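Biologist: I would like a close look at one part of this chain rather than a tour of the whole. Please choose one residue, place it in its surroundings, and give the cut-offs as you go.

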Amino acid sequence: MLVLASVNEVEAESNRPNIVVVLADDMGWGDSATYGHELIQTPNLDRLASQGVKFTQCYSACGVCSPSRSAILTGRTPYRNGVYRHLSGNHEAHLRSSEVTYPKLLKAVGYETCHVGKWHLNSRPQFNTAEYPQPGDHGYDYWMATHNNADPSHKNPNNFVRNGDPVGEMQGFSSLLVVQEAAHWLKEIREKAKPFALSVWFHEPHSPIATAPQFSDLYQGHENSTYMGNITQLDAALGKLMIALEEEGVAKDTLVIFSSDNGPVAAFGGTTGGLRGGKRSDHEGGIRVPGIARWPGVIQPGTVSDVPVIGTDIFATVLEAAGIPLPSDRTIDGVSMLPAFAGQPVQRKVPLFWRTHVSPPADRVAMRIGDWKLVGDETLAKFQLYQINEDWKEEHDLSDRYPGKTEEMKEALFRVWKQIETEGPDQWWKNERQAPVRGGKVNY
């Protein structure tokens, strides 16, 4: 039987653990050998899973990027924390300074903190300006980030900013450059007497995709060679990060969490592993993502957990690992994953909930309680019901067969959404000017 050490026992042995959160961008549930892809080579992700726990039902907090990232940092569902939409152009929404992030809380108890890679938590005109909060205002001592995608592509990006100063063109490929910066911070900059929290948010495999020949050539002749090589390129960067932790002698004292911000884009070569939908959808293909955690001495190596977890849970997990209480002045939607690390269920006060503003109209919202998942349309008038463990491809809508369960789930969803509307900055989405997508009627 798996036995998960208590946080007190962990603290007694190693004080507070280091925290590393690694995030892929648009990487699907089926985009790796680790999750069953027959061709894509991901030896480092495979190794990470063999050293920790692989989640079969790990979710992002939204079907698109900015919202899911905001939930990781705050533990709050996107419409509650305000980052309800992707922030690619000119928009007023942003991760407000009133939100409490886990780097800020860790820094307050003595952690050194660093963010490298994509940011995407304010709009383009707001990025790297004094008028809006930047990574440094959300708890990071050191940061090197882009607003959104690597520009002009993953190759030789020219839009990184380091601690407020533009870096200029960098030679190489994004994920490897990001890990190079992370390793530099680990080895040369951080105060080594302190525990640290490091965020590594890759751009791969988001478009515009660029892949080093050494990786794309592994799949020569395949129509998706560039995309598949891009995943292997990301995997190679992950391997270099793990080597840097080993070289610094901190790997055994570090909790590493790997996931993705949302599902994949099939047009670029991404795969959901058979799940319905893709990026932007609140069906499983848009929100079920890879999820792996390694914590030597705490997580049993080579285990698999079927417990549903979500990116929002990272906040509470990190705080419990560090012995920090959750904020008591606001709703925290996520819960600690520590029990799930050992395959034990977690207790949620707020059900798993999704709302994706650019989803197809028929799957604008979703909620999961136990094995039941409710999917609702943009007007909250039409609903689908699924039993996910038995029907993970969401092929059999049970709403007509189980009308009582459907009504029960609808009532719960309405309660959750009403609470979120009350707490979130709803003027941002209720005043949205963007036209509804795909023939819909509602634009948020």
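Modeller: What follows deals with His 203 and then with the strands beside it.

The model is predicted, so local features need pLDDT of at least 70 and side-chain atom pairs count only at pLDDT 80 or more, while totals for chains, interfaces and linings use all residues. Residues are numbered from 1 along each chain as its sequence is written, and side-chain values use heavy atoms, with hydrogens and water left out.

His 203 sits in the loop that connects β8 (196-201) with α7 (213-216); helices (H or I, at least four residues) and strands (E, at least two) are DSSP runs numbered from the N terminus. With a relative accessibility of 1%, His 203 is buried, a term for under 20% relative accessible area, against over 50% for exposed and partly exposed in between (1.4 Å probe, protein chains only).

Contact means heavy atoms within 4.5 Å. Once neighbours within four places in sequence are set aside, the contacts of His 203 are Asp 25, Gly 117, Lys 118, Thr 146, Asn 148, Asn 149, Ala 150, His 154, Phe 160 and Ser 174. Towards the start of the chain, the C-alpha atom of Leu 23 is 8.7 Å from that of His 203, although 180 residues separate the two in sequence.

One of the contacting residues, Thr 146, also forms a side-chain to side-chain polar contact with His 203, at 2.7 Å. Such a contact is a pair of N or O atoms within 3.5 Å; within protein, one must be able to donate a hydrogen and the other to accept it, and residues adjacent in sequence count only if both atoms are side-chain atoms.

The contact list leads on to the strands. Gly 117 and Lys 118 touch His 203, and strand β4 covers residues 112-118. Seven of the seven residues of β4 are buried.

Strands pair if DSSP finds at least two bridges between them. β4 has six bridges to β8, in the parallel sense. Within that pairing, Gly 117 faces Trp 201 of β8. Gly 117 is thus named twice here: opposite Trp 201, and in contact with His 203.

β4 is also joined to β5 (residues 142-146) by five bridges, again parallel. There, His 115 is opposite Trp 143 of β5. Thr 146, the polar partner of His 203, falls within the residue range 142-146 of β5.
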